Amino acid sequence: MRQWVLDAEDILKGSWAQGPEQSNASEQSAAKKPLTNKEVGLQWDTFLQKLSQEMTQEGMSQMERQCLEEFLRVLHNLRPYLIQCYDVEDFPRTNNEMEGAIR
């Protein structure tokens, strides 16, 4: 179950858009192109669809199925609010960037 949350986090932070050759943080910030709401939305929708399909597979316990059902319900409801800041230029993407912007 924990992997669902980690996968959701990876999509929202945009790590899927970075190339594997980018190894350190300074290279990543200089070389990566800005994400758009549309790109992140497509990744998010694909992720939710994949999770929905997992729910129908055999081998999942009743508790896991209930947890996944609730997780999907919450993510579907939050989607409009989660995927709206990527088109905003210079928007702080991490907690550290947000704290720096406030100061």
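Biologist: How much accessible surface does the protein have, and what share of that surface belongs to carbon and sulfur atoms?

Modeller: In this predicted model, the accessible surface comes to about 7700 Å², with 53% of that belonging to carbon and sulfur atoms. Buried residues make up 20% of the 103 residues.

Biologist: Which helices and strands should I look for?

Modeller: You will find 5 helices and 0 strands. Read along the sequence, the pattern is α-α-α-α-α.

Biologist: How do I read a salt bridge, and how many are there?

Modeller: Look for a side-chain nitrogen of Lys or Arg within 4 Å of a carboxyl oxygen of Asp or Glu. The structure holds 3 of these bridges. In one of them, Arg79 pairs with Asp45, and their closest N and O atoms are 2.7 Å apart. Arg79 sits in helix H4 (residues 62-82) and Asp45 in helix H3, so this pair ties together parts that are 34 residues apart in sequence.

Biologist: Where do the partners Glu70 and Arg73 lie?

Modeller: Both lie in helix H4, 3 residues apart, which is about one turn of the helix. Their side chains meet at 2.6 Å, N to O. Glu70 counts as partly exposed because its relative accessibility is 38%, between the 20% cut-off for buried and the 50% cut-off for exposed.

Biologist: What about aromatic pairs: are Trp44 and Phe47 buried or exposed?

Modeller: Trp44 and Phe47 are both buried. Their rings form a tilted pair, 5.8 Å centre to centre, with 45 degrees between the planes. That angle counts as tilted because stacked planes are under 30 degrees apart and edge-to-face ones over 60. Both residues belong to helix H3 (residues 37-54).

How values were computed. Residues are numbered from 1 along each chain as its sequence is written. This is a predicted model: local features need pLDDT of at least 70, side-chain atom pairs count only at pLDDT 80 or more; totals for chains, interfaces and linings use all residues. Side-chain values use heavy atoms; hydrogens and water are left out. Rings of Phe, Tyr and Trp (its six-membered ring) pair if their centres lie within 6.5 Å; planes under 30 degrees apart count as stacked, over 60 as edge-to-face and the rest as tilted. Helices (H or I, at least four residues) and strands (E, at least two) are DSSP runs, numbered from the N terminus. Buried means under 20% relative accessible area, exposed over 50%, partly exposed in between (1.4 Å probe, protein chains only). Accessible areas come from the Shrake-Rupley method with a 1.4 Å probe; for residues, only the protein chains shown count as cover.
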